[in-house]
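User: I've just opened this one and don't know my way around yet. Can you walk me through it?

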Amino acid sequence: MQSKLSDIELIKLSLKGNQSAYADLVRLHQRFVFTLAMRFTKSREDAEEVAQDCFVKAFRSLESFKQESKFSTWLYSIVYTTAMTSLRKKRLDTSSIDDEETYIQIENVSSGYDTDNIENKSRSFYLNQAIEQLTPDDATIITLFYKGEQSLEEIAQALGIEANSVKVKLFRARQRLKERLEHNLKNEVKELI
Amino acid sequence: MNTMEEKLWNYIDGTCTPVEQDAIARLIEQDEVYAKKYQELLALNQELAAIELDEPPMAFTYNVMEAIRAENAMQPLKTAIDKRIILGISIFFVFTILALLVFSFANINISDIHVSTADIKLPANVKLPSTNSLFNGPFLKWFLIFDVVLALFLTDAYLRRKKTAKQV
């Protein structure tokens, strides 16, 4: 049964040693954390590992959560740093993420779609496909803004950058997403957007 | 200077000032290019807001809680024990010892005790062993060698532990 308690109430219970309260907290945020992890790792297995690691780290440092920000903002900052560390471990550091070479690799992975079958596929499929082809930074900003219920200031806090930079990054990410969509759908994009 | 798209995104996101908002709203009403672009970006915005999140595996929560339980189980006993319990036990023993001492001293009648060192004598047939041989000759040498080896062994173990702790 899904808990009706707020994040803060669940955190207080967890700190008192109630592990089922923390399990409820995990259930509340797992989909979003997993999606964010997917934006970085591009694989379900790796994303599961990263997401699991994030929740364990969050549990370990739950006492240090000062409640000055939303729990989700605090959790997403853990996701961001954990995912970045995981990427670095796999020798795909942030600078190489933006490389043209990496970008082309990602593009090639999913460029073999049959254009005749386009009409049969849902709109969200193409959008998700385009998001997957973006760099992790672009995909993360878009996901945080649209699905994380985070303001520009909260995203800035989670990513450790200025709110103005987030605004610029979001604008560029959406531009690149539009280009990806146009590239993937060619003429069909006009019907989609 | 902001491009048309940038202005429209700011308008859609609601991140521009009221004055800018009015100006962009007028542009959308009057300019066909602006109106078309606005509709295009608005549709994309709605699509993005409607995208589905990925679903983690069914056992995800269970796996997280298992990982936490495993980590707690691996925690050394020293850090797992509440320090207040240790303090409580210490206070109990200190008070018990103090109470016993106070009780003992309170029951001793010092004036009844008569001790004279002159009265204590060893029986004539008891001979104490000679300790001179212990501090001379091979016994002392072997004792010192053993001490040096033990000291080296303990130092080595200490340094190894320190090195391992640094690596972790």
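User: Let's start small. Leaving aside its neighbours within four places in sequence, what is Asp7(A) in contact with?
Analyst: Asp7(A) is in contact with Leu25(A) and Phe71(A), once neighbours within four places in sequence are left aside. Keep in mind that this is a predicted model.

User: Where is Asp7(A) placed?
Analyst: Asp7(A) lies in helix H1 of chain A, which covers residues 7–15.

User: And how far are the C-alpha atoms of Asp7(A) and Asp24(A) separated?
Analyst: They are separated by 9.2 Å. Along the chain, the two residues are 17 apart.

User: Why does Asp7(A) count as partly exposed?
Analyst: Because Asp7(A) has 18 other C-beta atoms within 10 Å. A residue needs 20 or more to count as buried.

User: Zoom out. How many helices and strands are in chain A?
Analyst: Chain A has 11 helices and zero strands. Its 193 residues are 37% buried. Take the contacts in chain A between residues at least 6 apart in sequence: 63% of them join residues at least 24 apart.

User: And how many in chain B?
Analyst: Chain B has seven helices and zero strands. Of its 168 residues, 7% count as buried.

User: OK, cores. How many residues has the largest nonpolar core?
Analyst: The largest nonpolar core has 48 residues. Those with the most contacts inside it are Val33(A), Ala37(A), Ala51(A), Val79(A), Ile141(A) and Ile155(A). Helix H2 of chain A, residues 19–41, gives the most to this core, with 10 residues.

User: Which residues does Ala51(A) touch, leaving aside its neighbours within four places in sequence?
Analyst: With those neighbours left aside, Ala51(A) is in contact with Gln30(A), Val33(A), Phe34(A), Ala37(A) and Pro56(B).

User: What about the second, separate core?
Analyst: That core has six residues. Among them are Trp9(B), Ile24(B), Ile28(B) and Tyr38(B).

User: Trp9(B) is in H1(B), right? Which residues of H1(B) are buried?
Analyst: Trp9(B) belongs to H1(B). The buried residues of H1(B) are Lys7(B), Leu8(B), Trp9(B) and Tyr11(B).

User: What covers them?
Analyst: The cover includes helix H10 of chain A, residues 163–185. H2 (18–30) and H3 of chain B are part of the cover too.

User: How do H1(B) and H3(B) pack?
Analyst: Helix H1 of chain B (residues 4–13) and helix H3 of chain B (residues 32–49) pack at an angle of about 55°. Their axes are 10 Å apart. The two helices are therefore oblique to each other. H1(B) passes H3(B) in a right-handed crossing.

User: Which residues make that contact?
Analyst: H1(B) brings Met4(B), Glu5(B), Leu8(B), Trp9(B) and Ile12(B). H3(B) brings Tyr34(B), Lys37(B), Tyr38(B), Leu41(B), Leu42(B) and Asn45(B). By class, the contact of H1(B) with H3(B) has eight nonpolar residues, one polar and two charged.

User: What follows H1(B)?
Analyst: Gly14(B) follows H1(B), and its phi is positive, near 75°.

User: Is there a residue with positive phi that is not a glycine? Which one?
Analyst: Lys42(A) has a positive phi of about 60° and is not a glycine. Lys42(A) sits in the loop between H2 and helix H3 (44–60) of chain A. It counts as partly exposed, with 17 C-beta neighbours inside 10 Å.

User: Back to helix pairs. At what angle do H8(A) and H10(A) cross?
Analyst: Their axes cross at roughly 105° and come within 9 Å. Helix H8 of chain A covers residues 136–147. That angle makes H8(A) roughly perpendicular to H10(A).

User: Who meets whom there?
Analyst: From H8(A) come Asp138(A), Ile141(A), Ile142(A) and Phe145(A). The H10(A) residues they meet include Val166(A), Leu170(A), Ala173(A) and Leu177(A). The contact of H8(A) with H10(A) has seven nonpolar, no polar and four charged residues.

User: Last topic: the two chains. How many residues does each give to the contact?
Analyst: Chain B gives 25 residues and chain A gives 29. On the chain B side, H1, H3 and helix H4 (60–74) each give two or more. The largest share of that side comes from H4(B), with eight residues.

User: And by class, how does the side of chain B that touches chain A divide?
Analyst: That side has 15 nonpolar, three polar and seven charged residues.

Definitions and conventions. Residues numbered from 1 in each chain as written. Chains lettered and ligands numbered in written order. Predicted model: local features only at pLDDT ≥ 70, side-chain atom pairs only at ≥ 80, totals over all residues. Axes fitted to C-alpha atoms, helices over the stretch in contact; angles between N-to-C directions. Helix = DSSP H or I, 4+ residues; strand = E, 2+ residues; numbered from the N terminus. Parallel < 35°, antiparallel > 145°, perpendicular 65-115°, else oblique. Left-handed = near helix turned anticlockwise from the far one by under 90°. Contact = placed C-beta atoms within 7 Å. Nonpolar A, V, L, I, M, F, W, Y, C, P; charged D, E, K, R; others polar. Buried ≥ 20, exposed ≤ 12 C-beta atoms within 10 Å, placed from the backbone. Core = buried A, V, L, I, M, F, W, Y, C linked by C-beta atoms within 7 Å.
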